[in-house]
Amino acid sequence: MVHASSASRNKLHVGHLNICHLRNKVLELGLFLTQSSPYHIFGVSESWLNDSVSDDAVSISGYSVFRRDAKLPGQTGLTVYVHHTVLPFTRRRYDLDSNDVECMWFEIKDHQKSPPVLVSFVYRNPASTFIWYDHFLHMLDNASVRHPHYGGSQYRHAQTTCCMGVNNYATWP
């Protein structure tokens with residue numbers, strides 16, 4: 001579990017699991033998320049969902065579900081659960097997503113004067129080539145340019161950026 005300070009000085013609880021086929025593990029994940037101290041945002045990689053699986057089939061009480069189903073070869077799908085207590089302060093940042101990196105970005109901002117927190121969930125397929133790392137760094141650079149509280153003269157007011165996921169580190173050929 002990662003704790004990133006939120007604007008209200010409370011802790012933002014962010015978690016991630018590589019589940020590999022979410023549909024048959026939703027009950028167990030639901031028990032984990034509802035019986036433990038609640039995660040505010042929880043990402044699942046290798047969800048292996050598609051259009052034939054409804055959001056209701058993978059819903060968990062107290063959470064809203066966001067999905068990025070696999071669309072390209074080598075992708076496995078990501079699913080993110082956002083707890084109802086932070087949902088009003090959470091915005092899905094499609095503009096920060098990359099076509100070359102399987103990822104989902106979210107922005108959490110609970111006060112007008114405090115900088116937001118960016119959270120990204122990322123999956124790297126073990127079959128990916130080393131060019132994936134270039135795409136990953138480009139994606140992070142893009143997030144820093146497109147976000148008003150990050151980089152440049154406002155660097156001292158930068159928000160926390162939390163990037164979670166599975167790297168599947170490649171070995172040199």
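A residue is taken as buried when its relative accessible area is under 20%, and in this predicted model F42 is buried because its relative accessible area is 1%. This residue lies in strand β3, which spans residues 41-45, and it takes part in two of the ring contacts described below.

A search of the whole structure finds 8 aromatic pairs. In one of them, the rings of F32 and F42 have their centres 5.9 Å apart and their planes at an angle of 65 degrees, so that the pair is classed as edge-to-face, given that planes over 60 degrees apart fall in that class. The contact links distant parts of the chain, since F32 belongs to helix α1 (residues 26-35) whereas F42 belongs to strand β3, with the two positions 10 residues apart in numbering. With regard to accessibility, F32 has a relative value of 35% and therefore counts as partly exposed, whereas F42, at 1%, is buried.

The ring of F42 also pairs with that of Y39, where the centres are 5.0 Å apart and the planes again stand at 65 degrees, so this pair is edge-to-face as well. Y39 has a relative accessibility of 11% and is therefore counted as buried. Elsewhere in the chain, F130, W132, Y133 and F136 are joined into a cluster by ring pairs.

Aromatic rings are also met by a charged side chain, that of R92. The charged end of R92 sits over the ring of Y94, at 4.2 Å from the ring centre, and R92 likewise lies over the face of F106, at a distance of 5.4 Å from the centre of that ring.

The backbone was examined for phi values as well. Most residues other than glycine have a negative phi. C20, which is not a glycine, nevertheless has a positive phi near 55 degrees, and H21, also a residue other than glycine, has a positive phi of about 80 degrees. C20 is placed in the loop between strand β2 (11-18) and helix α1, and H21 is likewise found in the loop between β2 and α1. In terms of accessibility, C20 counts as partly exposed because its relative value is 31%, and H21 is partly exposed with a relative accessible area of 40%. Helix α1, which follows this loop, is also the element that carries F32, the ring partner of F42.

Key:
Residues numbered from 1 in each chain as written. Predicted model: local features only at pLDDT ≥ 70, side-chain atom pairs only at ≥ 80, totals over all residues. Heavy atoms only, no water. Phe/Tyr/Trp six-rings, centres within 6.5 Å; stacked < 30°, edge-to-face > 60°. Helix = DSSP H or I, 4+ residues; strand = E, 2+ residues; numbered from the N terminus. Buried < 20%, exposed > 50% of the residue type's maximum accessible area, 1.4 Å probe, protein only. Lys NZ or Arg CZ within 6 Å of the ring centre and 35° of its normal.
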